[in-house]
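Reader: I should like to understand how the terms used for a structure are justified. May I put my questions to you one by one?

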Amino acid sequence: MDDQTRMMTGLTGLGGLPQGDVGDPDSVRKQQSLGQPQQDIGDILQQIMAITDESLDEAQARKHALNCHRMKPALFSVLCEIKEKTVLSIRGVQEEDPPDPQIMRLDNMLLAEGVSGPEKGGGSAAAAAAAAAAGGSPTDSSIEHSDYRAKLAQIRQIYHSELEKYEQACSEFTNHVMNLLREQSRTRPISPKEIERMVAIIHRKFSSIQMQLKQSTCEAVMILRSRFLDARRKRRNFNKQATEVLNEYFYSHLSNPYPSEEAKEELAKKCGITVSQVSNWFGNKRIRYKKNIGKFQEEANLYAVKTAVDAANVSAQASQANSPATPNSGGYPAPCYTPDGRL
DNA sequence: AGCTATGATTGAAA
DNA sequence: TTTCAATCATAGCT
């Protein structure tokens, strides 16, 4: 800088124009007519270089004077061009970064969990689905359901308010920087492209903050979800009446203990449990029965007698001869039992 | 505390 | 998708 200054001073042989002259068209015209464009540019450059050595007031005045100089636009655009070709071409490499896959993942998850996206719909749908999968007695699941939904709504609210804050801060900061750069672009070579680039840099910085927000929101949802899933583990045994209904169906359909979808729905309704719980129960029952028929024989006999008695009652009431209640043909082996219900 | 019963989950198979 | 088989984790009993 010192060398440059000295060099330019040497070239022009001038220490700078009097302030009043710089912006004065007349003096410029005078100089122009003298045929000293080289010296003119040298002057300006020299003044720019020397500006930092001046007092604040002087520098301000000089700045203003230079801004009004007729050579300014031309010089400015040349400097912009030079800058564009040197500094910016290096940075140009990381231009146009593709949407962060991490952010996309987080976005998708937040959307799926109903944190982002449509206001109530997604959230309650997700919670409902989770609750449906959870099962449990209707009261339990609805309690957990509303609990889950409330917590999720809380997370959603925090997330949105934080996101709003973030967006506000981002746009405020961007505006601030843009204004600053625009302001500065009057005195130093800043091209609109460079401003754009700066905005992109700011947005990238802010997007990392956004990612943190999204990440911690995801974590919160995951924790909530795992707690919710843990709660599902805290099972309750089905009540006696429900177990009875299920066992009755099972043992009276021992030859083919695979209730149809409709039958499952009906059983679910009767027992006050979900269809998937009915499916679970039958899945467990089939496998456990098959594994140890002996253990279940007593139970089987009990229900066989029970259904036989029921059937008898029904047929007596209808005064009609109905088909036997236990169609044990194929499927799972039926227990052997005597009419008195013993082996 | 230890044991069994039982509802739920998971991964493979059909 | 449904079912099977193994397994988990808790309930509930002794």
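Reader: Why is Lys214 called buried or exposed?

Author: A residue is buried under 20% relative accessible area, exposed over 50% and partly exposed in between, computed with a 1.4 Å probe on protein chains only. Lys214 has 5% relative accessibility, so Lys214 counts as buried. This is a predicted model, in which local features need pLDDT of at least 70 and side-chain atom pairs pLDDT 80 or more, while totals for chains, interfaces and linings use all residues. Residues are numbered from 1 along each chain as its sequence is written, chains are lettered from A and ligands numbered from 1 in the order in which they are written, and side-chain values use heavy atoms, without hydrogens and water.

Reader: What makes the contact between Lys214 and Asp107 a salt bridge?

Author: A salt bridge requires a side-chain nitrogen of Lys or Arg within 4 Å of a carboxyl oxygen of Asp or Glu. Between Lys214 and Asp107 the N to O distance is 2.6 Å, and the pair is a salt bridge. Lys214 belongs to helix α10 (residues 192-233) and Asp107 to helix α7 (residues 101-113), so that distant parts of the chain, 107 residues apart, are linked. Helices here are DSSP runs of H or I with at least four residues, numbered from the N terminus. Asp107 has a relative accessible area of 29% and is therefore partly exposed.

Reader: How do you know that Glu248 and Lys306 form a salt bridge?

Author: Their closest N and O atoms are 3.6 Å apart. Glu248 lies in helix α11 (residues 240-252) and Lys306 in helix α14 (residues 293-318), so the pair ties together parts 58 residues apart in sequence. Glu248, at 23% relative accessibility, counts as partly exposed, and so does Lys306, at 28%. Both residues also belong to a network of salt bridges with Glu244.

Reader: Which accessibility terms apply to Glu299 and Lys285?

Author: Glu299 has 25% relative accessibility and counts as partly exposed, whereas Lys285, at 9%, counts as buried. Their side chains meet in a salt bridge with an N to O distance of 2.6 Å. Glu299 lies in helix α14 and Lys285 in helix α13, so this pair joins parts that are 14 residues apart in sequence. In total, the structure holds six salt bridges.

Reader: How do you know that the span of helix α5 agrees with its number of residues?

Author: The expected span is 1.5 Å times one less than the number of residues. For the 12 residues of α5 (residues 56-67) this should give 16 Å, and the end C-alpha atoms are 16 Å apart, which agrees.

Reader: Why are the buried residues of α5 said to line one face?

Author: The buried residues are Ala59, Arg62, Ala65 and Leu66. Seen down the axis of α5, they fall within an arc of 125°, so they line one face of the helix. The arc is that of the directions from the helix axis to the C-beta atoms. An α-helix has 3.6 residues a turn, so residues three or four places apart point the same way. The face turned away from the buried side of α5 carries the exposed residues Leu56, Asp57 and His64.

Reader: What makes the link from Arg286 to DNA strand C a polar contact?

Author: A polar contact is a pair of N or O atoms within 3.5 Å. An N or O atom in the side chain of Arg286 is 2.5 Å from a phosphate oxygen of DNA strand C.

How values were computed: Helix = DSSP H or I, 4+ residues; strand = E, 2+ residues; numbered from the N terminus. Polar contact = N/O pair within 3.5 Å; in protein donor to acceptor, adjacent residues only side chain to side chain.
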